[in-house]
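Reader: I would like to go through the terms used for this model and see how each one is justified. Please set every value against its cut-off.

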Amino acid sequence: MAEGHAVHGMAARVRRLVGQPGRSSGPPSGSFDPVVLDGLVVRGAEAHGKHLLVQVAGSPSTVHLHLGMHGRVSVRRHRLALGGDGLPRTDPPVPEGLAWRFLTATLLLEVTRPTICEVLDGAGVAALHDRLGPDPLRDDADPEAAVARLHRSRRPIGVLLLDQGVVSGIGNIYRAELLWRARLDPHSPGRAVPVEALRALWQDAIDLMTVGLGAGWIVTDPRQLDDARELLTRGEPVPRWRRRYAVYLRRGRPCPRCGETVRAERMGLQTAYWCPGCQVLHG
Ligand SMILES: [Zn+2]
């Protein structure tokens with residue numbers, strides 16, 4: 001499943017369509033009928049956690065997408081011949097699992113196999129934001145609100161980080177690596193973790209996910225992080241280096257910090273990985 005940085009990356013790609021009217025098509029599904037968006041103009045796109053919102057001029061105003069395990073959003077240039085209205089005269093072939101297509105004079109947006117594809121009005125968008133926790137990659141995320149949400153719960157910090165209603169955008173890889181970097185035991189109740197440690201954890205989530213957004217993949221290895229930051233500062237792309245994690249998917253192998261054997265256990269909806277030797281902070 002795409003973690004939040006990937007969905008923010010999708011939003012950035014969809015923003016290439018801003019200001020362009022397009023032909024909307026796709027199979028009607030549930031309450032979603034792509035015809036109601038036909039001829040309208042894309043106004044913007046944003047991510048909140050793992051949810052992607054595409055704003056379209058007119059009412060109802062926003063396409064809400066959640067990609068789940070297999071969904072995909074692609075934006076690419078096309079070279080289709082244009083008709084008198086400035087829009088392509090023909091449609092490209094329909095990919096398998098197409099849920100929504102928006103075709104402008106120059107760009108083709110396609111959404112395939114999402115778990116959610118629906119149109120929301122303003123109240124629906126507000127309700128979605130309300131039920132999602134602060135997202136480390138959103139400018140409007142309040143760090144103290146995120147810390148307070150984590151700190152008031154008796155539930156394990158490893159469960160809280162994946163609960164999108166508590167904080168949003170963190171997936172299983174970031175959970176494992178963030179807790180290892182913070183030396184936090186994933187079983188520690190949120191309320192037992194010192195506020196200062198939660199503040200540092202939140203800031204580390206911002207830092208790591210910002211690099212992930214810029215790189216287009218999850219970078220957590222300290223040396224790779226340094227190299228990726230340097231490239232991003234220079235405005236250069238980050239190559240897809242061989243991925244190195246401290247604990248994620250490393251059950252039974254030695255911890256790179258203390259040598260203890262990495263453990264794995266179902267926690268929340270996914271398997272948590274951690275080192276019992278050095279992730280010992282309980283507050
Ligand atoms: Zn260790």
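Author: The zinc site comes first, then two loop residues, a helix pair and one helix residue. This is a predicted model, in which local features need pLDDT of at least 70 and side-chain atom pairs count only at pLDDT 80 or more, while totals for chains, interfaces and linings use all residues. Residues are numbered from 1 along each chain as its sequence is written, and side-chain values use heavy atoms, with hydrogens and water left out.

Reader: What makes Cys 255, Cys 258, Cys 275 and Cys 278 donors of the zinc ion?

Author: Their SG atoms lie at 2.2 to 2.4 Å from the zinc ion. A donor is an N, O or S atom within 2.8 Å of the metal (3.2 Å for Na, K and Ca), so these sulfur atoms count. Along the chain the donors follow the spacing C-x2-C-x16-C-x2-C. Cys 255, in the loop between α7 (222–233) and β9 (263–267), and Cys 278, in the segment after β10 (270–274), are 23 residues apart.

Reader: Why is the site of the zinc ion called tetrahedral?

Author: The angles among its four donor atoms are 94 to 119°. Four donors count as tetrahedral if all angles lie between 85 and 135 degrees, so the term applies. The ideal angle for four tetrahedral donors is 109.5 degrees.

Reader: Why does Arg 113 count as exposed?

Author: Arg 113 has a relative accessible area of 51%. Exposed means over 50%, buried under 20%, and partly exposed in between (1.4 Å probe, protein chains only), so Arg 113 is exposed. Arg 113 sits in the loop between β7 (107–112) and β8 (116–120), and its phi is near 50°, a positive value in a residue other than glycine.

Reader: How do you know that Leu 249 is exposed?

Author: Its relative accessibility is 54%, and therefore Leu 249 counts as exposed. Leu 249 lies in the loop between α7 and β9 and has a positive phi of about 60°.

Reader: What makes α6 oblique to α7?

Author: Helix α6 (residues 195–215) and α7 pack at an angle of about 60°, with axes 10 Å apart. Angles under 35 degrees are roughly parallel, over 145 roughly antiparallel, 65 to 115 roughly perpendicular and the rest oblique, so α6 is oblique to α7.

Reader: Why is Arg 175 called buried?

Author: Arg 175, in helix α5 (residues 172–181), has 1% relative accessibility and therefore counts as buried.

Technical notes:
Tetrahedral: all angles 85-135°; square planar, octahedral: opposite > 155°, others 65-115°. Helix = DSSP H or I, 4+ residues; strand = E, 2+ residues; numbered from the N terminus. Axes fitted to C-alpha atoms, helices over the stretch in contact; angles between N-to-C directions.
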